[in-house]
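Open the model in a viewer and keep a selection box to hand. The stops below say what to pick next and what is there.

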Amino acid sequence: MAKSNYDLLISKLDAFIRKFYINKLIRGLLYSIGIILFAFLLIAVLEYFFYFPGTIRKGLLYGFFGLSGIIFISMVLYPFLQFLRLGKVISHEKAASIIGTHFTDVKDRLLNVLQLKNQTSDYQSKELIEASINQKVETLKPVPFTNAINLSGNKRYLKYALIPLSVLVILLFGAPNIIWDSTDRLIRNNEEFSKPAPFYFDVLTKDLEAIQNEDLLIDVAVSGTALPKNAYINYNNFSYKLNQKSAAEFTYNFSNLQKDLEFYIEADGFTSETYKLTVIPKPSIIGFDVELDYPRYTGKKDERLNNTGDVVVPYGSRIAWNFKAANTEDVTMRFRDTLMTTQRKSDSDFGYEKRFYRDDQYTVYVSNDRIKNGDSIGYTINIIPDLYPNINAEEVKD
């Protein structure tokens with residue numbers, strides 16, 4: 001069945017409406033690309049230079065996603081759905097008005113045709129109105145309604161997308177850190193990042209280990225575009241000034257170290273990474289006693305001496321040592337001729353005994369897994385010989 005002139009007119013209006021939304025979609029796409037890229041570049045550059053706290057970075061990230069979503073839906077998705085005639089679209093009368101702004105000589109005729117068609121049910125002389133409509137449509141047939149929209153006119157909006165896109169490409173090739181570093185921090189908004197310092201610290205002392213109760217001197221080098229005048233070391237929640245050897249080198253002496261600690265270097269508001277200093281427990285004798293078991297012939301009562309290593313005992317006496325040590329795995333005793341290992345009685349108690357028949361000297365050594373013979377002290381043992389009884393007689397002349 002052939003279409004009527006009015007139906008052909010409506011088809012031409014529908015084609016215009018589709019092109020109207022294609023034009024709106026292209027323009028919206030260019031605008032949305034420009035706005036989204038500009039917002040991204042603005043946020044990335046600001047974050048690159050200012051290092052925002054995590055809460056602000058999170059707000060910027062979600063705000064950017066929200067803005068991008070709103071712009072995409074309103075400028076791209078919604079016109080696309082209208083092109084598919086999903087949702088509310090402009091009426092034929094509205095389309096006729098838009099066409100009329102381009103073809104001014106047909107505006108009134110086009111609107112009149114649509115109005116007459118809406119009024120055919122109100123008149124009895126329906127055939128007369130239809131004839132008038134057909135006559136007016138005939139005059140409108142040569143008019144290309146879709147030409148009222150010039151898609152190539154959107155070229156002037158290309159600059160809104162190309163300018164931020166060009167800036168993005170230039171940054172990606174010329175200064176990629178501005179984009180990648182700031183984007184990485186925006187995504188990892190649950191972490192805190194500190195602004196890079198214009199200088200860097202390097203602890204030159206690589207072996208950060210020290211024996212308990214001893215000192216450790218560390219060397220710190222600083223390098224960069226600008227060197228600080230003063231530097232400080234922070235540990236145990238206190239800061240101490242470093243000693244400056246030169247413009248680029250500092251030292252600090254940890255004295256009488258007792259336990260592990262963590263420290264970092266700071267200057268002009270910038271800090272280094274955190275370093276750990278390990279203190280090796282030093283084996284030591286914290287006390288001992290000596291049990292003296294005298295021979296029966298002496299008639300002397302046995303004794304116990306506290307923290308006294310030098311002894312004078314009769315010939316044949318038995319001496320027993322009881323050592324109490326800390327951080328110690330092994331206690332050894334070197335006598336004049338031999339090295340003897342004590343008996344371990346508990347985690348901190350060690351013992352050894354021996355009978356003596358001559359003078360001797362001995363040294364006590366303590367060791368653990370990390371330190372061998374870490375501490376020592378020497379003593380002497382003097383023996384009172386067991387001699388035969390004798391009488392000394394002296395003649396005195398009167």
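**A strand-to-strand salt bridge**

Select Asp293, which is partly exposed, with a relative accessible area of 22%. Add Arg318, also partly exposed, at 21%. The two side chains meet in a salt bridge, with N to O at 3.3 Å. Asp293 belongs to strand β11 (residues 284–293) and Arg318 to strand β14, so this pair ties together parts that are 25 residues apart in sequence. The model is a predicted one.

**Along β14 to Asn322**

Stay on strand β14, residues 318–326, and select Asn322. Which side chains does Asn322 reach through polar contacts of 2.9 Å? One is the side chain of Asp289. Another is the side chain of Lys345, also at 2.9 Å. Leaving out residues up to four places away in sequence, Asn322 touches Gly287, Phe288, Asp289, Glu291, Arg304, Lys345 and Phe350.

**The whole protein**

Zoom out and colour by secondary structure: there are seven helices and 20 strands. The protein has 398 residues, and buried residues make up 35% of them. Among contacts with a separation of 6 or more, 65% are between residues 24 or more positions apart. The exposed area is about 24,500 Å², of which carbon and sulfur atoms supply 55%.

**The largest core**

Next, select Ile218, Ile233, Phe254 and Phe263, the residues with the most contacts inside the largest nonpolar core, which has 25 residues. Show these strands as cartoon, since each is a source of core residues: β1 (199–203), β3 (216–224), β4 (232–235), β7 (249–254), β8 (261–267) and β10 (275–280) each supply at least two. Apart from this core lies another, of 22 residues, with Leu292, Val311, Val331 and Tyr379 among them.

Return to Ile233 and display what surrounds it. Beyond the residues up to four places away in sequence, Ile233 touches Ile218, Phe238, Ser239, Tyr240, Leu242, Tyr252, Phe254, Phe263, Tyr264 and Ile265.

**A loop after β1**

Select Thr205, found in the loop between β1 and β2 (209–211). Is Thr205 buried or exposed? It is buried: its relative accessible area is 16%, and the cut-off for buried is under 20%. A polar atom of the Thr205 side chain lies 3.0 Å from the backbone nitrogen of Asp219. Setting aside neighbours within four places in sequence, Thr205 is in contact with Leu217, Ile218 and Asp219.

Now move to Lys206, which counts as exposed at 65% relative accessibility. Lys206 forms a salt bridge with Asp202, their closest N and O atoms being 3.5 Å apart. Asp202 is partly exposed, with a relative accessible area of 34%.

**A salt-bridge network**

Side chains of opposite charge can pair when their charged atoms come close. The structure holds 14 salt bridges. For a linked group, select Asp184, Arg188 and Glu191, which form a network of salt bridges. Within this network, Glu191 pairs with Arg188, and the closest N and O atoms are 2.8 Å apart. Glu191 is partly exposed, with a relative accessible area of 36%. Arg188 is partly exposed too, at 33%.

**A nonpolar patch on the surface**

Turn on the molecular surface and select Leu158, Leu162, Leu165, Val169, Leu172, Phe173 and Trp180. These residues make a nonpolar surface patch of about 690 Å². Which helix gives the most to the patch? Helix α6 (residues 158–174) does, with six residues. Within helix α6, pick out Phe173. Phe173 counts as exposed, at 73% relative accessibility.

**Last stop: Ile73**

Finish at helix α2, residues 54–83, and select Ile73. Ile73 is partly exposed, with a relative accessible area of 48%. With neighbours within four places in sequence left aside, Ile73 is in contact with Tyr78 and Pro79. Add Gly28 and draw a distance between the C-alpha atoms: Ile73 and Gly28 are 45 residues apart along the chain, and these atoms are separated by 9.8 Å.

How values were computed. Residues are numbered from 1 along each chain as its sequence is written. This is a predicted model: local features need pLDDT of at least 70, side-chain atom pairs count only at pLDDT 80 or more; totals for chains, interfaces and linings use all residues. Side-chain values use heavy atoms; hydrogens and water are left out. Patches are made of residues with over 30% relative accessible area and no salt bridge: like charges are joined within 9 Å, nonpolar side chains (Val, Leu, Ile, Met, Phe, Trp, Tyr) within 5 Å. Accessible areas come from the Shrake-Rupley method with a 1.4 Å probe; for residues, only the protein chains shown count as cover. A salt bridge is a side-chain nitrogen of Lys or Arg within 4 Å of a carboxyl oxygen of Asp or Glu. Helices (H or I, at least four residues) and strands (E, at least two) are DSSP runs, numbered from the N terminus. Buried means under 20% relative accessible area, exposed over 50%, partly exposed in between (1.4 Å probe, protein chains only). A nonpolar core is a set of buried Ala, Val, Leu, Ile, Met, Phe, Trp, Tyr and Cys residues joined through side-chain atoms within 4.5 Å. Contact means heavy atoms within 4.5 Å. A polar contact is a pair of N or O atoms within 3.5 Å; within protein, one must be able to donate a hydrogen and the other to accept it, and residues adjacent in sequence count only if both atoms are side-chain atoms.
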